[in-house]
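This report takes up two topics. One is an enclosed space and its lining; the other is a sheet and the helices packed on it.

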Amino acid sequence: MPKKTATTPIQTVLAKVRPVWIARVSQEMARGMEVRADFEGQLSRFCDILEQSITTGDPAWMDPILLDWAKSSTETELEDEPYHVSYLINRMIPLTIQASRETLTKVQALDLLAAVIPIYTYGLEVVARYEMETRVAHISSEMEKVQKRMERVDKSKSAFISVAAHELKTPITLIEGYASMMDDLMQQGKGTNLDSLLAGMNTGIGRLRSIVDDMIDVSMIDNDLLQLNFQPIQVSQMLSALSLEMEPVLRTRKLTINMQDFDGNKEWIYIDATRITQALRNVINNAIKYTPDGGTITIDGRKLAGFVEVTVADTGIGISAEDQAVIFEKFGQLGRVDLHSSGKTKFKGGGPGLGLPIARGILEAHGGSIWVQSPGHDEIQNPGSTFHILIPARAEAPDPSMSKLFDTLGKNKDKKVIEQDDTLGIDG
Ligand code: ADP
């Protein structure tokens, strides 16, 4: 009769193999001492539950720890990292064999493997199912996001087309009207005094150009193609140039610009002066447009750490809280076609709704920002709006070669550099 060897209880076998097994697994799987210490604690918990599963014969005891582990890797880690939990459990099998070989007798090792392998297999199934579900959820949420983005693009595209069509129609009609009047006069041999008709036609062409330019700007901003040409300038120079430019309109509309001298407005800062002036112009134009005749526009500001803040406050119709959330979005005014194109500076003249998105795009491209404060919209009380424009106050151009170029212009830069920018008409 073969000699019967006394079987060692599985708890004893597990206790024997446990320290080596924990060391092996943590060494292979956890990089870095700190991670390893924490991981060893986790593996110790795993061993306790493993023992419970073996003694009760129910692998479901493993569920909580397996799910805890599986949940700890984020969706993106599951996408990118090979070190997820199913990989860990897979690796545990050869490491258990290795640790058993080193610490147990053959019989004990076989007993242990016979007991743990079905539990590992069960663990793999649970974790793989969970990981698969998480992956599927991740992929569908990504697909949902892409679909939403596409819907937004689609909406924005049709918004663009409908606003473009509407906005472009007005000046085209104007040009056509003047052209046909000129044609009639020519036919009648009265084509000598056409100045006023030509002026009208030019207004239409100017409006057309400005709408097309705005559209090009928006598309450049959307595609991150806005190129900035950094030059040193003082904020006060841009503001004086703008108030000069606005003078005729202010006179017609009986509006007053109250220009404050504030801390930081004489500081030389590197910005794209043409673009920042464009942003300021859009905001001031709006202040003019949405303030009834006789009102006041106060331009003030202050110096902040790393920024110069300009505020444009008007005594106009104000902006409701819900509109404040959308006016910086493209075509924020969509649906109010009634407002479009009745004039660039006329009271409540409306427009394609691109002025503020362009201003925001320009400021953000500089690293600045723009926001609005208004108690609400009320065309009787006229609560007013205040736009805050935060312009980064760089002491040098982001491109070092530009900075060097301007440095070589020496102390005389005050005049020379500004003179280069004839589009602004700044007189220093
Ligand atoms: P628009 O071409 O319509 O003027 P903007 O992007 O410049 O487009 O402005 C978007 C909208 O924000 C305007 O249509 C208007 O409703 C609102 N808005 C902008 N500035 C003011 C302001 N100063 N006061 C009241 N409403 C304003």
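The lining of the largest cavity divides into eight nonpolar residues, one polar and one charged. The model is a predicted one. The residues in question are L14, V17, R18, W21, C47, L50, T96, L112, V116 and Y120. Three elements each give two or more residues to this lining: α1 (10-29), α2 (33-56) and α6 (106-187). The top contributor is α1, with four residues. The space inside comes to about 70 Å³. With a threshold of 30 Å³ or more, the count is one cavity.

Now the sheet. Strands of a sheet pair through backbone hydrogen bonds, either parallel or antiparallel. Here five strands form an open sheet in the order β2-β4-β5-β7-β6, and the pairing is mixed. The edges belong to β2 (256-259) and β6 (369-373). Each has a single partner strand, so one side of each lacks a neighbour in the sheet. On average, neighbouring strands are turned by 20° against each other, direction ignored.

Which strand is largely enclosed by the rest of the structure? That is β5, residues 307-314. Six of its eight residues are buried, which means under 20% relative accessible area. Strand β5 pairs with β4 and with β7, as tabulated here.

| Partner of β5 | Residues | Sense | Bridges |
|---|---|---|---|
| β4 | 296-304 | antiparallel | eight |
| β7 | 386-392 | antiparallel | seven |

Individual residues show the register. On the β4 side, R302 stands opposite E309 of β5. On the β7 side, V308 stands opposite I391. A313 stands opposite T386, also in β7.

β4 and β5 also form a hairpin, with two residues between the strands. In that hairpin, G306 takes a positive phi near 80°.

Two helices complete the picture of the sheet. Helix α8 (residues 235-253) lies across β2, β4, β5 and β7. It runs at about 165° to β2. Helix α11 (residues 355-366) also packs on the sheet, where it touches β6 and β7. The direction of α11 makes about 30° with that of β7.

How do the helices relate to the strands named above? The edge strand β2 is among those that α8 lies across, while the edge strand β6 is touched by α11. The largely enclosed β5 is also one of the strands that α8 lies across.

Technical notes
Residues numbered from 1 in each chain as written. Predicted model: local features only at pLDDT ≥ 70, side-chain atom pairs only at ≥ 80, totals over all residues. Heavy atoms only, no water. 1 Å grid on protein atoms, 1.4 Å probe; cavity = no way out; pocket = protein on both sides within 12 Å on 5 of 7 lines; lining within 4 Å. Points joined across faces, edges and corners; volume = space filled by probe spheres on them. Nonpolar A, V, L, I, M, F, W, Y, C, P; charged D, E, K, R; others polar. Buried < 20%, exposed > 50% of the residue type's maximum accessible area, 1.4 Å probe, protein only. Pairing = 2+ DSSP bridges. Axes fitted to C-alpha atoms, helices over the stretch in contact; angles between N-to-C directions. Contact = heavy atoms within 4.5 Å.
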